[in-house]
Amino acid sequence: MKTRLWLIVVVSLLVSASLGGAEDVAGLPLHMQKLDEGTIRLWLGDHGTSTAIVAFATEKGIVVVDTFGIPEVDTRLREAIAREFRRSDFTHLINTHEHRDHTGGNSVYADCTIVGHELVAPGMAAAAGRRDFLLNWYPDRITELENELKNLAADDPKITALKEDITLSRLNLQTVEAGEEPARPSLTFSDRMTLDLGDTTFELSYIGGMHTASDTAIFVPEHGLLLTGDTMADVWLTDTPGCLASFVVRDGMPHDFPRFLANWDRLLTQRDRITTLLPAHWNGELSIEGAEARVEYVRTLWDGIHLAADEGKGMAEVQAEYR
């Protein structure tokens, strides 16, 4: 019995070490989760809402979904992925949408085919116009966090979270100051696209409009995984849910609701093949029922408002009906 117990302990320690639990990257703890054979998920920090990168070791090369958004960090994460898979044949990077915390590290994968919806690049270009704002915002944010930290008691549980936030803000400021333009997608699509990597298939579907104009879902049937980007989550594992808390029709953004609904319907009809839904931030969890409920929410409004218009109802009546 003792021998068996020690064997379990040793194996557990080896698995923990191989998954990088004790490693820091740029001052933040690295977490690496083995989803299944040939698939890992990586993120930094214990308290914030940082991007979670997913990497697949396929027959035709390593495929990475999203970047952390900071080239210095993404370089280290690429090294960690190669170390874990014991290979370095990276072939594709897929962006789930345009935001900098998912595309800012694209240049680290400039030797790969970078895949994204056709609206990712315009979204990245628009974000570049906010550089001057961020050059002022981040220093103010860092000062605010440092002042908050000074006022805490030495044993306050908020200290670790604040220190992580300060570290991440400084890294983001350095990235903005460097002024490097991330690489844009070199392979784009407008509606749906399938990438065949031999033993692994990536089915990309446009679901844009509820987070960014370029939102993309990625279904990987061989692994039973549906990657949903930043569009939705049911549960937040920290008290900073961030973008995953928001599922809304966004003013000034193009929406193609018929296509949104058609692509989600196509994905959800495969629910028996979906074992796990993965939001693109580590601190969010999503169920198939939660995804279905949100899609039905959009469908109810879309169909109902059309019907109300046909019946000649005014805005006040519609708002009263759909409170």
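Trainee: Is Ala309 buried or exposed?

Mentor: In this predicted model, Ala309 is exposed, because its relative accessible area is 54% and the exposed class begins over 50%.

Trainee: Where does Ala309 sit, then?

Mentor: Ala309 is found in helix α8, which covers residues 288-310. As for its position relative to Val25, the two residues are 284 apart along the chain, and their C-alpha atoms are separated by 55 Å.

Trainee: What about Pro185 and Asn106, how far apart are their C-alpha atoms?

Mentor: The C-alpha atoms of Pro185 and Asn106 are separated by 8.5 Å, with their positions 79 residues apart along the chain. Pro185 belongs to the loop between α6 (158-178) and β8 (187-189), and with a relative accessibility of 13% it counts as buried.

Trainee: Switching to salt bridges, how many turn up in the whole structure?

Mentor: A search of the whole structure finds 18 salt bridges. One of them joins the side chains of Glu23 and Arg76, with an N to O distance of 3.5 Å. Glu23 lies in the loop between α1 (2-18) and β1 while Arg76 lies in helix α2, so this pair ties together parts that are 53 residues apart in sequence.

Trainee: How much of Glu23 and of Arg76 is accessible?

Mentor: Glu23 is partly exposed at a relative accessible area of 22%, and Arg76 is also partly exposed, with a value of 31%.

Trainee: Which residues are linked with Glu23 in a network?

Mentor: Arg76 and Arg83 are linked with Glu23 in a network of salt bridges.

Trainee: And which residue does Asp234 pair with?

Mentor: Asp234 forms a salt bridge with Arg294, and the closest N and O atoms of that pair are 2.8 Å apart. The pair links distant parts of the chain, with Asp234 in the loop between β12 and β13 (235-236) and Arg294 in helix α8, 60 residues apart. Asp234 itself is partly exposed, with a relative accessible area of 27%.

Trainee: What does Arg259 bridge to?

Mentor: Arg259 forms a salt bridge with Asp256, where the closest N and O atoms are 3.3 Å apart. Both partners count as partly exposed, Asp256 at 30% relative accessibility and Arg259 at 23%.

Trainee: OK, charge on the surface next: which residues gather in the patch of negative charge?

Mentor: The patch of negative charge on the surface is formed by Glu59, Asp196, Asp199 and Glu222. Glu222 is placed in the loop between β11 (216-220) and β12 (225-229).

Trainee: Why can Glu222 qualify for a patch in terms of its relative accessible area?

Mentor: Patch members need over 30% relative accessible area, and Glu222 meets that cut-off because its value is 40%, which also puts it in the partly exposed class.

Trainee: Now the inside: is His97 buried or exposed?

Mentor: His97 counts as buried, with a relative accessibility of 0%. This residue lies in the loop between β6 (90-94) and α3 (100-103).

Trainee: Which side chains does the His97 side chain contact?

Mentor: The His97 side chain makes a polar contact with the side chain of Thr96 at 3.0 Å, and another polar contact, at 3.2 Å, with the side chain of Asp230.

Trainee: What does the side chain of Thr51 reach?

Mentor: The side chain of Thr51 reaches the backbone oxygen of Asp101 at 2.6 Å. Thr51 is placed in the loop between β3 (39-44) and β4 (53-58), and at 1% relative accessibility this residue counts as buried.

Trainee: Last topic, backbone angles: what is phi for Ala26?

Mentor: Phi of Ala26 is near 55°, which is a positive value in a residue other than glycine. Ala26 is found in the loop between β1 (24-25) and β2 (28-36), and it counts as partly exposed at 23% relative accessibility.

Trainee: And what is phi for Arg86?

Mentor: Phi of Arg86 is near 60°, again positive in a residue other than glycine. Arg86 has its place in the loop between α2 (71-85) and β6, where it counts as exposed with a relative accessibility of 78%.

Terms used:
Residues are numbered from 1 along each chain as its sequence is written. This is a predicted model: local features need pLDDT of at least 70, side-chain atom pairs count only at pLDDT 80 or more; totals for chains, interfaces and linings use all residues. Side-chain values use heavy atoms; hydrogens and water are left out. Patches are made of residues with over 30% relative accessible area and no salt bridge: like charges are joined within 9 Å, nonpolar side chains (Val, Leu, Ile, Met, Phe, Trp, Tyr) within 5 Å. Accessible areas come from the Shrake-Rupley method with a 1.4 Å probe; for residues, only the protein chains shown count as cover. A salt bridge is a side-chain nitrogen of Lys or Arg within 4 Å of a carboxyl oxygen of Asp or Glu. Lys and Arg count as positive and Asp and Glu as negative; His and the chain ends are not counted. The place of a charge is taken as NZ of Lys, CZ of Arg, CG of Asp or CD of Glu. Helices (H or I, at least four residues) and strands (E, at least two) are DSSP runs, numbered from the N terminus. Buried means under 20% relative accessible area, exposed over 50%, partly exposed in between (1.4 Å probe, protein chains only). A polar contact is a pair of N or O atoms within 3.5 Å; within protein, one must be able to donate a hydrogen and the other to accept it, and residues adjacent in sequence count only if both atoms are side-chain atoms.
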